[in-house]
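I opened this structure to look up two things. The notes below are in the order I took them.

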Amino acid sequence: MEASAPRPGVPVRGSESGRPVMAALDLLGRRWTMRILWELSQAPTGFRELQRRCERMSSSVLSTRIEELSGARLLALDGDGYRLTQLGQDLVEALSPLDAWSRRWAEEMGPTTAGGLE
């Protein structure tokens, strides 16, 4: 199991500075984190439904990511299941310009094949 969730002010993978942006990028770069945030941005949901939406994710990885994201105060458990906190909603909104940029990038790069470089 990975260490606890990255925190601002504490060294993280690839950075000893503890800068908040580096801690955020460490957390967001962990496998399945972005998918979980995306799914919860659509609607709150319970553990099994979230696991179903994130095809192929093991329950142990989902549990770890939920623990990390809860510790980072990005999601919480309530009567409707897991939901994004206000901080989590703000993060998804902050990522919107990156999503728009990535779409422009994809258009500029043109069609790709599943095989990669061509």
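My entries cover an aromatic pair and then one helix.

**Entry 1: aromatic rings.** I am working from a predicted model. I looked for paired aromatic rings and got a count of 1 aromatic pair. The partners are Trp101 and Trp105, with ring centres 5.2 Å apart and planes at 15°. Planes under 30 degrees apart count as stacked, so this pair is stacked.

**Entry 2: where the pair sits.** I placed both Trp101 and Trp105 in helix H6, residues 96-109. They are 4 residues apart, about one turn of the helix.

**Entry 3: cover on the pair.** Are these two tryptophans buried or exposed? I found neither extreme: Trp101 is partly exposed at 41% relative accessible area, and Trp105 is partly exposed at 46%. I then checked the surface around them. Trp101 and Trp105 form a nonpolar patch there with Leu98 and Met109. Together the four have about 470 Å² of accessible area.

**Entry 4: helix H4.** I turned to H4, residues 59-71. This helix has 13 residues and reaches 18 Å from its first C-alpha to its last. That is close to the 18 Å expected at 1.5 Å a residue.

**Entry 5: the buried side of my H4 list.** Which residues of H4 are buried? I noted Leu62, Thr64, Arg65, Ile66, Glu68 and Leu69. The buried residues of H4 pack against three helices, H1 (20-28), H2 (33-42) and H3 (47-53). They also pack against strands S1 (75-78) and S2 (81-84).

**Entry 6: after H4.** I looked at what follows the helix. Arg73 comes after H4 and has a positive phi, near 65°.

Key: Residues numbered from 1 in each chain as written. Predicted model: local features only at pLDDT ≥ 70, side-chain atom pairs only at ≥ 80, totals over all residues. Heavy atoms only, no water. Phe/Tyr/Trp six-rings, centres within 6.5 Å; stacked < 30°, edge-to-face > 60°. Helix = DSSP H or I, 4+ residues; strand = E, 2+ residues; numbered from the N terminus. Buried < 20%, exposed > 50% of the residue type's maximum accessible area, 1.4 Å probe, protein only. Patch = residues over 30% accessible without salt bridge, like charges linked within 9 Å, V, L, I, M, F, W, Y side chains within 5 Å. Areas by Shrake-Rupley, 256 points an atom, 1.4 Å probe, with all protein chains shown as cover. Salt bridge = Lys/Arg side-chain N within 4 Å of Asp/Glu carboxyl O. Expected span 1.5 Å × (residues − 1). Contact = heavy atoms within 4.5 Å.
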